[in-house]
Amino acid sequence: CGREAEARDVVKELLNVAPEFTLRRYRREHPAAVMPVGRDWARALRAAGVPESPRPLRARQLCWSLAPR
């Protein structure tokens, strides 16, 4: 298609503002995900770098997430 690098850049920006976005979440929450066009979108999102499932927290992230507020 020729715009793979641009798609990867957009996914990086997306994951910076919505780090919880995953293909699993897309399939679970988006109404079109069960339709052929939704499956096409899922393939394109995967190719652009959207993770299948949440990434495990690193030790530093885990410490911050457990810290009292």
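**Figure 1. The second largest pocket and the residues around its centre.** Twelve residues, or 12 in the count used here, line the second largest pocket, and Ala7, Val11, Ala44, Leu45 and Ala48 are those nearest its centre. This is a predicted model, so please read each view as a computed picture. The pocket's volume comes to about 210 Å³. Two helices, H1 (4–17) and H3 (36–48), each give at least two residues to the lining of this pocket. Sorted by class, that lining holds 10 nonpolar residues and two charged ones, with no polar residue.

**Figure 2. The whole chain, for orientation.** Before moving on to more close-ups, here is the overall layout. The protein chain contains four helices and zero strands, and along the sequence its pattern reads α-α-α-α. Of the 69 residues in the chain, 20% are buried. What share of the contacts between residues at least 6 apart in sequence joins residues at least 24 apart? The share is 56%.

**Figure 3. The largest nonpolar core.** Nine residues form the largest nonpolar core: Val11, Leu15, Leu23, Tyr26, Ala33, Ala42, Leu45, Ala48 and Val50. Helices H1, H2 (23–29) and H3 each contribute at least two residues to this core. Which helix supplies the largest share of the core? That helix is H3, with three residues. As general background, nonpolar side chains in soluble globular proteins tend to be buried together. Val11, Leu45 and Ala48 belong to this core, and these residues also appear among those nearest the centre of the second largest pocket.

**Figure 4. Leu45 in helix H3.** Leu45 sits in helix H3 and is one of the nine residues of the largest nonpolar core. Is Leu45 buried or exposed? Leu45 counts as buried because its relative accessibility is 14%, and the cut-off for buried is under 20%. Setting aside residues up to four places away in sequence, Leu45 touches Phe21, Leu23, Tyr26 and Val50. Leu23, Tyr26 and Val50 are members of the largest nonpolar core as well. Leu45 and Ala7 lie 38 residues apart in sequence, and their C-alpha atoms are 8.4 Å apart in space.

**Figure 5. Ala42 and its contacts.** Ala42 is another member of the largest nonpolar core. If neighbours within four places in sequence are left aside, Ala42 is in contact with Leu23, Tyr26 and Arg27. Leu23 and Tyr26 are also touched by Leu45, so you can compare this view with the previous one.**Figure 6. Glu6 and Arg8 of helix H1, viewed with Ala48.** Glu6 lies in helix H1, and Arg8 lies in helix H1 too. Glu6 counts as partly exposed, at 41% relative accessibility. Arg8, at 39% relative accessibility, also counts as partly exposed. How far apart are the C-alpha atoms of Arg8 and Ala48? They are separated by 4.7 Å, with the two positions 40 residues apart along the chain as a sequence separation. For Glu6 and Ala48, 42 residues apart along the chain, the C-alpha separation is 8.7 Å.

**Figure 7. Thr22 in the loop between H1 and H2.** Thr22 is found in the loop that runs between H1 and H2. Thr22 is buried, with a relative accessible area of 4%. The Thr22 side chain reaches the backbone nitrogen of Arg25 at 3.0 Å. Not counting residues up to four places away in sequence, Thr22 touches Val50, Pro51, Glu52, Ser53 and Pro54. Val50, one of these partners, is also part of the largest nonpolar core.

**Figure 8. Ser53 in the loop between H3 and H4.** Ser53 lies in the loop between H3 and helix H4 (59–66). Ser53 is partly exposed, with a relative accessible area of 26%. Which residues does Ser53 touch, not counting those up to four places away in sequence? Ser53 touches Thr22 and Arg24. Ser53 and Arg24 are 29 residues apart in sequence, and the distance between their C-alpha atoms is 5.7 Å.

Conventions:
Residues numbered from 1 in each chain as written. Predicted model: local features only at pLDDT ≥ 70, side-chain atom pairs only at ≥ 80, totals over all residues. Heavy atoms only, no water. 1 Å grid on protein atoms, 1.4 Å probe; cavity = no way out; pocket = protein on both sides within 12 Å on 5 of 7 lines; lining within 4 Å. Points joined across faces, edges and corners; volume = space filled by probe spheres on them. Nonpolar A, V, L, I, M, F, W, Y, C, P; charged D, E, K, R; others polar. Core = buried A, V, L, I, M, F, W, Y, C linked by side-chain atoms within 4.5 Å. Buried < 20%, exposed > 50% of the residue type's maximum accessible area, 1.4 Å probe, protein only. Contact = heavy atoms within 4.5 Å. Polar contact = N/O pair within 3.5 Å; in protein donor to acceptor, adjacent residues only side chain to side chain.
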